[in-house]
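I opened this notebook to record a few look-ups in one structure. The entries follow the order in which I made them.

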Amino acid sequence: MNLLQFKISVSFFTISIIASAVGSHFLELHLDDSQTKSFEIANKYLIYNSILIMILSLNFSKLLKINNIVKIYILGTILFSFSIYLNIVLSKFDINALFFRLTTPFGAILKIACLIALILYSKKD
């Protein structure tokens, strides 16, 4: 087991649970429909990604060979979900968050590339 990646996945999962609770009880009252939808998407994908990272971190013998792929996947997850969270928060303060809106698709592209790399890697074994 890769302990650092396992801790990161558990941290992501914990953040998603806290964000879900805050979102359903507090943010829903202060966000418009599109912001609520974006928040739900970011949170849902953070949960999915944390589960995948956890599964990959538990398979340590194979992870040694795919360690860089998992690291890039973690980076893509951070860029994707957290840029959406930040974009929502900054928009509430009327701050133009163009950088974070551009970061979100880059994070998604990184995650997709890593998943393709995992598929290609699995065909080698």
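The entries below concern two residues and one pair of helices.

Entry 1. I note at the outset that the model is predicted.

Entry 2. I looked up Asn2 and found it in the segment before α1, the helix that spans 3-30. Its relative accessible area is 15%. Because buried means under 20%, I entered Asn2 as buried. I then looked for a polar partner of its side chain: a polar atom there lies 3.2 Å from the backbone nitrogen of Gln5.

Entry 3. I turned to Ser50, which belongs to helix α2, residues 33-58. Is Ser50 buried or exposed? Its relative accessibility is 1%, so I recorded Ser50 as buried. Setting aside neighbours within four places in sequence, I found Ser50 in contact with Ser9, Phe12 and Phe13.

Entry 4. I next examined how α1 and α2 are arranged. Their axes come within 8 Å and cross at roughly 160°. Since angles over 145 degrees count as roughly antiparallel, I describe α1 as roughly antiparallel to α2. I logged the crossing of the two helices as left-handed.

Entry 5. I listed the residues that make this contact. From α1 they include Gln5, Ser9, Phe12 and Phe13; from α2 they include Phe39, Asn43, Ser50 and Leu58. Gln5, whose backbone nitrogen I had noted beside the Asn2 side chain, is thus listed in the contact between the helices as well.

Entry 6. I closed with the classes of residue in the contact of α1 with α2. I recorded 14 nonpolar and eight polar residues, and no charged ones.

Key: Residues numbered from 1 in each chain as written. Predicted model: local features only at pLDDT ≥ 70, side-chain atom pairs only at ≥ 80, totals over all residues. Heavy atoms only, no water. Helix = DSSP H or I, 4+ residues; strand = E, 2+ residues; numbered from the N terminus. Buried < 20%, exposed > 50% of the residue type's maximum accessible area, 1.4 Å probe, protein only. Polar contact = N/O pair within 3.5 Å; in protein donor to acceptor, adjacent residues only side chain to side chain. Contact = heavy atoms within 4.5 Å. Axes fitted to C-alpha atoms, helices over the stretch in contact; angles between N-to-C directions. Parallel < 35°, antiparallel > 145°, perpendicular 65-115°, else oblique. Left-handed = near helix turned anticlockwise from the far one by under 90°. Nonpolar A, V, L, I, M, F, W, Y, C, P; charged D, E, K, R; others polar.
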